[in-house]
Amino acid sequence: MSTPDLDSLLPRLQTLRDALGQAVVGQQQVVEQLLIGLLAGGHCLLEGAPGLGKTLLVRSLGQALELQFRRVQFTPDLMPSDILGTELLEEDHGTGHRHFRFQPGPVFTNLLLADELNRTPPKTQAALLEAMQEHTVSHAGTTRALPQPFFVLATQNPIEQAGTYPLPEAQLDRFLLHVQVDYPSEDEERRILEQTTGAPGAAVPQVMDAEAVLALQAAVRQVHLSADVLDWINRLVRASRPGEGAPAAINQWVKWGAGPRAGQSLVLAVKARALLQGRFAATREDVQALAAPVMRHRLLLSFAAEAEQKRADDVVAALLQAVPFHG
């Protein structure tokens, strides 16, 4: 992409953030991470207690982007065909000839909100995650490409585990970022009460179309990443695996570390964060900001970590401290 084209697109990223800020009070870090996932061409898993605006945030993103948007509420009786699509038998009343026609499911969209993904059985989870990875759907011997861009935002509730099907680690690895949605501050919560109990606010304006999103995704891969930062990312990911030479905290708290996909995800995420902030080079601050969202769902903690009530974020913080940047 030429520099003039990119210069005209970058201000629209800030306009997009402002548009989301009109609909969602606070949660700037969550908004930033969602946009990073979109720009990096990955998918995001949002985790937070009920009522924190996860669904509202994703719906607002769909409104701000001039893209097809679908929402699926995952339930225990949902089948893969409910997501991917199915074949219908149709009859031509004129000739009496019967034929099968494929009816696309909600996955054939640009922006898919998979609400409460951990409420559906593994068979349905796997069908969606395969589509996320391959960007295609295979049915009855025919492979159909999904629209581009294709962005999945899945939500799950960390509190209520009754009747849920936790995602296996191998499937969690398909998500670029694991975004944690926390409670708002006192001032933000007051603004939420004020804004949501009065007259309806203005609709979220559309500020970007599919062509612009694809252009920005291509630009992300052109963002400069120095050899020092790339080397640090590589050392961080490798140091997350317990074994000889690993930091003491990792050997104590981690059963299985992050795989190579974590390094790929972190590289793309830091490049996307740089572009989102109007920079054409990623820095170590980008790595520090995104190490936890990229790695928290890719670490399998040990019994010792659970006994000491250590979270994945604590492990990532210890990892950043144990593996310093050498510029």
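This is a short walk through one chain, from its main sheet to its helices, its cores and a few single residues.

One caution to start: the model is predicted.

Let's begin with the sheet. There are five strands, and the sheet is open. The order reads β3-β6-β9-β1-β10, and the pairing is parallel. Two strands sit at the edges, β3 at 69–73 and β10 at 177–180. Each of these pairs on one side only. From one strand to the next, the twist averages 20°.

Take one pairing in detail. Strand β1, residues 44–47, runs parallel to β10, and four bridges join the two. One register point to write down: Glu47 has Gln180 of β10 as its bridge partner.

Now, which helix packs on this sheet? That is α3, residues 54–64. Helix α3 touches β1, β3, β6 and β9. Here β6 covers 111–115 and β9 covers 151–156. The direction of α3 makes about 170° with that of β6.

Next, a hairpin. Strands β4 and β5 span residues 85–91 and 98–104. They pair in the antiparallel sense, over seven bridges. For the register here, Leu88 stands opposite Arg101 in β5. Six residues lie between the two strands. Gly96, in this hairpin, takes a positive phi near 80°.

On to the helices. First α5, residues 122–134. A quick geometry check: it has 13 residues, so at 1.5 Å a residue it should span 18 Å. The end C-alpha atoms are 18 Å apart, which agrees.

Which residues of α5 are buried? The list is Thr124, Gln125, Ala127, Leu128, Leu129, Ala131 and Met132. What covers them includes two helices, α4 at 80–84 and α6 at 169–172. The cover also includes the strands β6, β7 at 136–139, and β9. After α5 comes His135, with a positive phi near 60°.

Second helix: α11, residues 260–276. Same check. With 17 residues, α11 should span 24 Å at 1.5 Å a residue. Its end C-alpha atoms are 25 Å apart, and that agrees. Is α11 mostly covered or mostly open? Mostly covered: 14 of its 17 residues are buried. Just after α11 there is another positive phi, about 80°, at Gly278.

That brings us to the nonpolar cores. The largest one holds 81 residues. Within it, Leu61, Leu153, Met208 and Leu216 touch the most other members. Helix α11 supplies the largest share of this core, 10 residues.

Look at Leu61 up close. Setting aside residues up to four places away in sequence, Leu61 touches Leu16, Leu20, Leu35, Leu111, Phe151 and Leu153. A second core lies apart from the largest one, with 25 residues. Among them are Leu45, Leu84, Phe108 and Ala114.

Aromatics next. How many aromatic pairs does a search of the whole structure find? One. The partners are Trp232 and Phe325, and the pair is edge-to-face. The rings are 5.4 Å centre to centre, with 70° between the planes. The pair links distant parts of the chain, with the two positions 93 residues apart in numbering. Trp232 is in helix α9, residues 227–239. Phe325 is in the segment after α14, which covers 312–322.

The two partners differ in exposure. Trp232 has a relative accessible area of 2%, so it is buried. Phe325 comes out at 21%, and therefore counts as partly exposed. The cut-off for buried is under 20%.

Two loop residues to finish. Gln68 is in the loop between β2, residues 65–66, and β3. Its relative accessibility is 43%, so Gln68 counts as partly exposed. Which residues does Gln68 contact, leaving aside neighbours within four places in sequence? They are Phe108, Thr109, Asn110, Leu111 and Pro147. Along the chain, Gln68 and Asn110 are 42 residues apart, yet their C-alpha atoms are separated by 5.1 Å.

The other is Ser302. It lies in the loop between β13 at 300–301 and α13 at 303–307. Is Ser302 buried or exposed? Buried, because its relative accessible area is 13%. Not counting residues up to four places away in sequence, Ser302 touches Gln252, Trp253, Val254 and Lys255.

Terms used:
Residues are numbered from 1 along each chain as its sequence is written. This is a predicted model: local features need pLDDT of at least 70, side-chain atom pairs count only at pLDDT 80 or more; totals for chains, interfaces and linings use all residues. Side-chain values use heavy atoms; hydrogens and water are left out. Two strands pair if DSSP finds at least two bridges between them. Axes are lines fitted to C-alpha atoms, for helices over the stretch in contact, and angles run from 0 to 180 degrees between N-to-C directions. Contact means heavy atoms within 4.5 Å. The expected span of a helix is 1.5 Å times one less than its number of residues. Buried means under 20% relative accessible area, exposed over 50%, partly exposed in between (1.4 Å probe, protein chains only). Rings of Phe, Tyr and Trp (its six-membered ring) pair if their centres lie within 6.5 Å; planes under 30 degrees apart count as stacked, over 60 as edge-to-face and the rest as tilted. A nonpolar core is a set of buried Ala, Val, Leu, Ile, Met, Phe, Trp, Tyr and Cys residues joined through side-chain atoms within 4.5 Å.
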